[in-house]
Amino acid sequence: MCYYLAGTLSPPLKSRLMSVVSAADGDAVQYGVEFGVVSGSARSILVAERICLNFMQRMSGIATATAAMVAAAAGHAAKILDTRKTAPGLRLLDKWAVALGGGTPHRMGLYDMMMIKDNHIAAAGGISQAVAAAEAYIQQHGLDGVQVEVETSNLDQVQQVLDVLASGAAPHVTRVMLDNMTLKDASCPGGVAVSLLKQAVAKIAGKVQTEASGNVTLQSVAEIASSGVDFISVGALTHSVKALDISLNVVTR
């Protein structure tokens with residue numbers, strides 16, 4: 001993967017280097033294992049080295065963190081999502097890495113799902129007004145395939161979304177985000193209290209999809225998943241990535 005990217009950024013490198021890899025994208029490797037050999041002139045290798053390692057270390061770090069999060073939530077139906085909190089210019093690669101780690105890429109941009117967040121609701125004057133504006137925009141621009149997600153932070157807001165849905169005025173609303181409905185509590189499993197989240201999921205009762213967000217860690221994700229939510233979004237997968245320790249050592253012949 002990184003060899004392909006390096007060659008894309010600097011095509012002449014492809015003709016000067018040969019690579020043999022023993023691990024495919026998404027494979028697990030142990031620290032200290034050699035999983036690839038690049039052959040060519042020292043000059044060409046050194047030119048490509050930092051480009052390759054930068055991509056490989058970042059993407060491998062994202063994939064590793066995602067795989068750990070997916071494993072921690074195993075046994076529950078919830079899927080692990082990324083967010084748009086990616087490095088400028090690297091969104092496609094960051095989300096590719098999430099997919100390689102077993103996560104589900106979510107919202108490449110503002111165009112593939114409409115998100116009504118707290119600031120949109122405040123600017124519109126309320127949830128019903130914000131949803132009405134979104135539905136009007138979709139109709140005016142012929143965007144019938146676009147789905148809408150509404151962010152909520154308490155049970156009253158969840159009920160407001162349900163009321164709009166019941167009125168038939170929100171045909172494109174397919175998901176409710178349950179934001180920060182998990183409260184940090186060291187006395188609870190995973191260090192979070194999820195009673196409010198469970199109440200919200202029960203109230204929605206499958207009418208639309210549910211997505212939990214906030215206070216998601218390796219320690220808390222299983223408990224959050226136990227609430228019955230459909231999705232768990234984790235911004236830290238891409239905005240707080242820890243690069244994997246990968247190096248290239250030159251051997252002369």
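# A walk from Ser-213 to helix H6

Start by selecting Ser-213: leaving aside neighbours within four places in sequence, Ser-213 is in contact with Met-177, Leu-178, Asp-179, Asn-180, Met-181 and Ser-233. Contact here means heavy atoms within 4.5 Å. Before you go on: this is a predicted model, where local features need pLDDT of at least 70 and side-chain atom pairs count only at pLDDT 80 or more, while totals for chains, interfaces and linings use all residues. Residues are numbered from 1 along each chain as its sequence is written, and side-chain values use heavy atoms, with hydrogens and water left out.

Stay on Ser-213 for a moment. Ser-213 sits in strand E9; helices (H or I, at least four residues) and strands (E, at least two) are DSSP runs, numbered from the N terminus. With 15% relative accessibility, Ser-213 counts as buried. The cut-offs are under 20% relative accessible area for buried, over 50% for exposed and partly exposed in between, using a 1.4 Å probe and protein chains only. Show side chains and you'll find a polar contact of 3.5 Å between those of Ser-213 and Asp-179. A polar contact is a pair of N or O atoms within 3.5 Å; within protein, one must be able to donate a hydrogen and the other to accept it, and residues adjacent in sequence count only if both atoms are side-chain atoms.

**Zoom out**

Now show the whole chain as a cartoon. There are 10 helices and 10 strands to find, and the C-alpha trace spans about 75 × 50 × 25 Å along its principal axes. Colour by accessibility and 41% of the 253 residues come up as buried. Of the contacts between residues at least 6 apart in sequence, 65% join residues at least 24 apart.

**Next: Asn-215 and Ala-222**

Follow the chain on to Asn-215, in the loop between strand E9 (209-213) and helix H9 (221-225). Asn-215 has a positive phi, near 60°, and isn't a glycine. Most residues other than glycine have a negative phi. Asn-215 is partly exposed, with a relative accessible area of 27%.

Then pick Ala-222 in helix H9, which counts as partly exposed at 27% relative accessibility. Measure from its C-alpha to that of Ala-74: these residues are 148 apart along the chain, yet the two atoms are separated by 7.5 Å. Beyond its neighbours within four places in sequence, Ala-222 is in contact with Ala-72 and His-76.

**Next: Phe-231**

Select Phe-231 in strand E10 (residues 231-233). At 10% relative accessibility, Phe-231 is buried. What lies over its face? Arg-175 does, at 4.0 Å from the ring centre. The test for a charge over a ring is that NZ of Lys or CZ of Arg is within 6 Å of the ring centre and within 35 degrees of the ring normal. Arg-175 is also among the contacts of Phe-231, which include Ala-78, Leu-81 and Glu-211.

**Next: Lys-95 and Arg-107**

Jump to Lys-95, in helix H4 (residues 91-100). Is this lysine buried or exposed? Lys-95 counts as buried, at 2% relative accessibility. Its side chain makes a 2.8 Å polar contact with the side chain of Asp-82. Not counting residues up to four places away in sequence, Lys-95 touches Asp-82, Thr-83, Pro-105, His-106, Arg-107 and Met-108.

From that list, click Arg-107, in the loop between H4 and E4. Arg-107 is not a glycine, although its phi is positive, at about 60°. At 12% relative accessibility, Arg-107 is buried.

**Last stop: helix H6**

Select residues 127-140, helix H6: 14 residues reaching 20 Å from first C-alpha to last, close to the 20 Å expected at 1.5 Å a residue. That expected span is 1.5 Å times one less than the number of residues. Colour Ile-127, Ala-130, Val-131, Ala-134, Glu-135 and Ile-138, the buried residues of H6. Look down the axis of H6: these buried residues fall within an arc of 130°, so they line one face of the helix. The arc is taken from the directions from the helix axis to the C-beta atoms.

What do the buried residues of H6 pack against? Show strand E4 (114-116), helix H5 (118-124), strand E5 (148-152), helix H7 (155-167) and strand E6 (173-179). Turn to the face away from the buried side and you'll meet the exposed residues Gln-139 and Gln-140. Finish just past the helix at Gly-142, which follows H6 and has a positive phi, near 60°.
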